[in-house]
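Work through the exercises below with the model open. Try each task before you read its solution.

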Amino acid sequence: MPTPNEEPNHRTVGSDRNRRIGVLISGRGSNLQAIIHAIAERKLNADLAVVISNRPDAAGLKRARDAGVETVILDHTDKAKFATREDYDRELVRVLKERQVRLVCLAGFMRLLTKVFLDAFPNAIVNIHPSLLPSFPGTNAQYQAWEHGVKWTGATVHLVTTELDGGPIVLQEPVPVKDGDDVDTLAARILEREHHLYPLAIQLLLNGGWRLEGRRLLTRF
Ligand code: GRF
């Protein structure tokens with residue numbers, strides 16, 4: 001009897017001994033730091049193979065180096081190297097595949113991905129977004145929620161598809177919006193939950209035993 005993961009219609013990251021992840025960043029890298037901590041504390045059973053930044057000055061690069069993790073800078077403004085978005089993504093894929101990365105984790109990576117990248121890692125690219133999707137996709141999600149006046153917002157980890165912030169949801173966590181909040185206090189409360197949520201979601205995906213039914217990512221079936 002095949003397990004659900006082996007059925008051709010259930011494309012999944014699966015469960016095998018390769019636990020190598022790559023993290024893509026553009027800036028601060030606090031989610032990267034949470035992943036590094038979770039691995040160090042053995043709360044996340046993963047091997048962080050490489051951290052890639054599209055910005056040479058991303059603060060997250062230092063966090064990776066301090067943890068002894070390989071860093072690669074692929075500067076998207078270098079048009080001599082990357083004339084098109086596809087050229088850029090081909091190089092991303094090459095670097096990740098060379099390191100046998102099984103799951104790609106976007107952590108504040110501020111780039112739209114092309115089909116070149118998405119097709120190279122089917123159902124194996126994951127992102128964290130600071131709202132309860134499908135509410136408030138896109139940039140400034142915390143401001144969007146605050147300005148709208150919702151009483152609850154949160155954080156979402158989702159698989160990445162061609163639709164912006166629209167892929168199957170892996171895990172979500174709600175966060176209250178308080179009357180005294182400004183955008184910064186709200187963003188800080190969400191970020192704290194992001195740091196809790198992302199390692200959990202990565203572990204879930206690496207462990208396998210999940211499948212997609214349409215948009216729904218199911219772990220009990
Ligand atoms: C986080 O709020 C994440 O949800 C969003 O970008 C931000 C990245 O922050 N996608 P950091 O670089 O991980 O600190």
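## Exercise 1: the surroundings of Ser26

Task: list what Ser26 touches, and place the residue in the fold.

Solution. Start with contacts, meaning heavy atoms within 4.5 Å. Not counting residues up to four places away in sequence, Ser26 touches Ser53, Asn54, Arg55, Ala58, Ala107, Gly108, Phe109 and Met110. The model is predicted: local features need pLDDT of at least 70, side-chain atom pairs count only at pLDDT 80 or more, and totals for chains, interfaces and linings use all residues. Residues are numbered from 1 along each chain as its sequence is written, and side-chain values use heavy atoms, with hydrogens and water left out.

Next, the location. Ser26 belongs to the loop between β1 (20–25) and α1 (30–40). Helices (H or I, at least four residues) and strands (E, at least two) are DSSP runs, numbered from the N terminus.

Then the polar contact, a pair of N or O atoms within 3.5 Å; within protein, one must be able to donate a hydrogen and the other to accept it, and residues adjacent in sequence count only if both atoms are side-chain atoms. The Ser26 side chain reaches the backbone nitrogen of Met110 at 2.7 Å.

Last, exposure. Ser26 has a relative accessible area of 7%, so the residue is buried. The classes are buried under 20% relative accessible area, exposed over 50%, and partly exposed in between (1.4 Å probe, protein chains only).

## Exercise 2: the ligand shell

Task: find the residues that surround the ligand, then its polar partners.

Solution. Take residues with a heavy atom within 4 Å of the ligand. The shell holds Arg28, Gly29, Ser30, Asn31, Gly108, Ile128, His129, Pro130 and Glu194. Two elements, α1 and β5 (125–129), each supply at least two residues of this shell.

Now check ligand oxygen atoms against polar protein atoms:

- Ser30: a polar side-chain atom at 2.5 Å.
- Glu194: a side-chain N or O atom at 2.7 Å.
- Gly29: a polar backbone atom at 2.8 Å.

Finish with the area. Alone, the ligand exposes 370 Å², and the protein buries 86% of that. These areas come from the Shrake-Rupley method with a 1.4 Å probe; for residues, only the protein chains shown count as cover.

## Exercise 3: how α1 is covered

Task: which residues of α1 are buried, and what do they pack against?

Solution. Count first: eight of the eleven residues in α1 are buried. They are Ser30, Asn31, Leu32, Gln33, Ala34, Ile35, Ile36 and Ala38. Their packing partners are β1, β2 (47–53), α2 (60–66), β5 and α6 (183–207).

## Exercise 4: backbone outliers

Task: which phi values are positive in a residue other than glycine, and where is the cis peptide bond?

Solution. Arg42 has phi near 60°. Arg42 lies in the loop between α1 and β2. Its relative accessible area is 78%, so Arg42 is exposed.

Gln100 has phi near 55°. Its loop runs between α3 (85–98) and β4 (103–106). Gln100 counts as exposed because its relative accessibility is 56%.

The cis bond runs from Leu133 to Pro134, with omega near 15°. Pro134 is in the loop between β5 and α5 (141–148).

## Exercise 5: Thr84

Task: is Thr84 buried, exposed or partly exposed, and what does its side chain reach?

Solution. Thr84 is in the loop between β3 (71–73) and α3. At a relative accessible area of 35%, Thr84 is partly exposed. A polar atom of its side chain lies 3.0 Å from the backbone nitrogen of Asp87.
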